[in-house]
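Here are a few exercises to work through with the model open beside you. Try each task before reading its solution.

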Amino acid sequence: MKIDVLTLFPEMFDVFNHSLMGKAQEKQLFTLNRHNIRDYSLDKHKRCDDYPFGGGAGMVMMPQPIHDCIMAVDPSHTALRIFMSPKGETLSQKKVAQLANCDHLLILCGHYEGVDQRVLDSDIDCEISIGDYVLSGGEIPAMVLIDSVARYIPEVLGNREATVEESFSSNLLEYPQYTRPQEFNGMKVPDVLVSGNHQLVDEWRRQQSLELTKKLRPDLLKKGDL
């Protein structure tokens with residue numbers, strides 16, 4: 001998979017040089033390219049924002065630098081072009097799995113008070129939100145999207161079952177996890193997990209997922225595979 005990020009702050013994405021994502025890129029399991037929108041500004045000061053027509057607080061990102069950056073990165077429109085926006089479709093595990101099937105993603109990160117609507121109308125395929133709240137820019141939402149999608153790329157996690165059993169994959173929350181030592185601060189690992197009976201373990205985990213979902217996210221039970 002190839003992922004292109006268009007941003008005013010490409011250095012923010014250095015986080016992907018570390019941990020699993022850094023190793024995945026070293027193995028060339030996916031490619032993450034960062035593009036500075038300022039490099040495409042025709043303004044002598046590389047300005048990318050201006051006051052909004054009609055008045056109002058804050059600044060709006062101008063269409064020209066964004067459009068030219070998109071055309072340079074994806075001239076043939078082979079990528080699915082995404083704008084991170086609180087107005088977009090809310091990101092879900094189902095949507096993540098769909099995006100993981102794409103060969104090429106282009107992600108536009110807005111900033112300030114927003115992006116000129118004309119570039120969204122002409123150059124963007126879809127808008128995606130990570131929740132019903134507003135952040136100072138689209139960089140952090142883009143990181144959430146990239147991390148969640150990249151985990152579906154074969155060999156990134158090392159265990160293909162990892163994305164199957166975790167929370168939200170079946171609209172149920174994940175069961176509790178335990179590791180060594182078997183007793184810690186007077187609390188013991190549930191006996192069933194050290195019984196060696198895989199059927200009982202599976203049943204226990206299923207029951208725990210159902211109970212946790214009922215307690216913490218009962219809304220998911222309407223969608224869950226029961």
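**Exercise 1. A charged pair with two surroundings**

Task: Find how the side chains of Asp116 and Arg118 meet, and sort each residue as buried or exposed.

Solution: Start with the charged ends. Asp116 and Arg118 join through their side chains in a salt bridge, with N to O at 2.7 Å. Keep in mind that this is a predicted model. Next, check accessibility: buried means under 20% relative accessible area, and exposed means over 50%. Asp116 comes in at 15%, so this residue is buried. Arg118 has 54%, so this one counts as exposed.

**Exercise 2. A salt bridge out of sight**

Task: Work out how far apart the closest N and O atoms of Asp74 and Arg81 are, and whether the two residues are buried or exposed.

Solution: The closest N and O atoms sit 2.9 Å apart, and the pair forms a salt bridge. Now look at each partner. Asp74 has a relative accessibility of 1%, which makes it buried. Arg81 is buried too, at 2%.

**Exercise 3. A link between separate parts**

Task: Say which parts of the chain the salt bridge of Asp14 and Arg34 ties together.

Solution: First the bond itself: the two side chains meet with N to O at 2.5 Å. Then place the residues. Asp14 is in the loop between strand E1 (2-7) and helix H1 (19-26), while Arg34 belongs to strand E2 (residues 31-36), so the salt bridge ties together parts that are 20 residues apart in sequence. As for exposure, Asp14 is partly exposed at 35%, and Arg34 is partly exposed at 33%. To finish the salt-bridge theme, a search of the whole structure turns up six of them.

**Exercise 4. Rings**

Task: How many aromatic pairs are there, and how are the ring planes arranged?

Solution: The count is one aromatic pair. Its members are Phe13 and Phe16, whose ring centres are 6.5 Å apart; the planes make an angle of 15°, so the pair is stacked. Both of these Phe residues are buried.

**Exercise 5. A serine in a helix**

Task: Locate Ser209 and find which backbone oxygen lies 3.0 Å from a polar atom of its side chain.

Solution: Ser209 sits in helix H7 (residues 198-216). With a relative accessible area of 7%, Ser209 is buried. The backbone oxygen you want belongs to Leu173. Setting aside neighbours within four places in sequence, Ser209 touches Leu172, Leu173, Glu174 and Tyr175.

Key:
Residues are numbered from 1 along each chain as its sequence is written. This is a predicted model: local features need pLDDT of at least 70, side-chain atom pairs count only at pLDDT 80 or more; totals for chains, interfaces and linings use all residues. Side-chain values use heavy atoms; hydrogens and water are left out. A salt bridge is a side-chain nitrogen of Lys or Arg within 4 Å of a carboxyl oxygen of Asp or Glu. Helices (H or I, at least four residues) and strands (E, at least two) are DSSP runs, numbered from the N terminus. Buried means under 20% relative accessible area, exposed over 50%, partly exposed in between (1.4 Å probe, protein chains only). Rings of Phe, Tyr and Trp (its six-membered ring) pair if their centres lie within 6.5 Å; planes under 30 degrees apart count as stacked, over 60 as edge-to-face and the rest as tilted. A polar contact is a pair of N or O atoms within 3.5 Å; within protein, one must be able to donate a hydrogen and the other to accept it, and residues adjacent in sequence count only if both atoms are side-chain atoms. Contact means heavy atoms within 4.5 Å.
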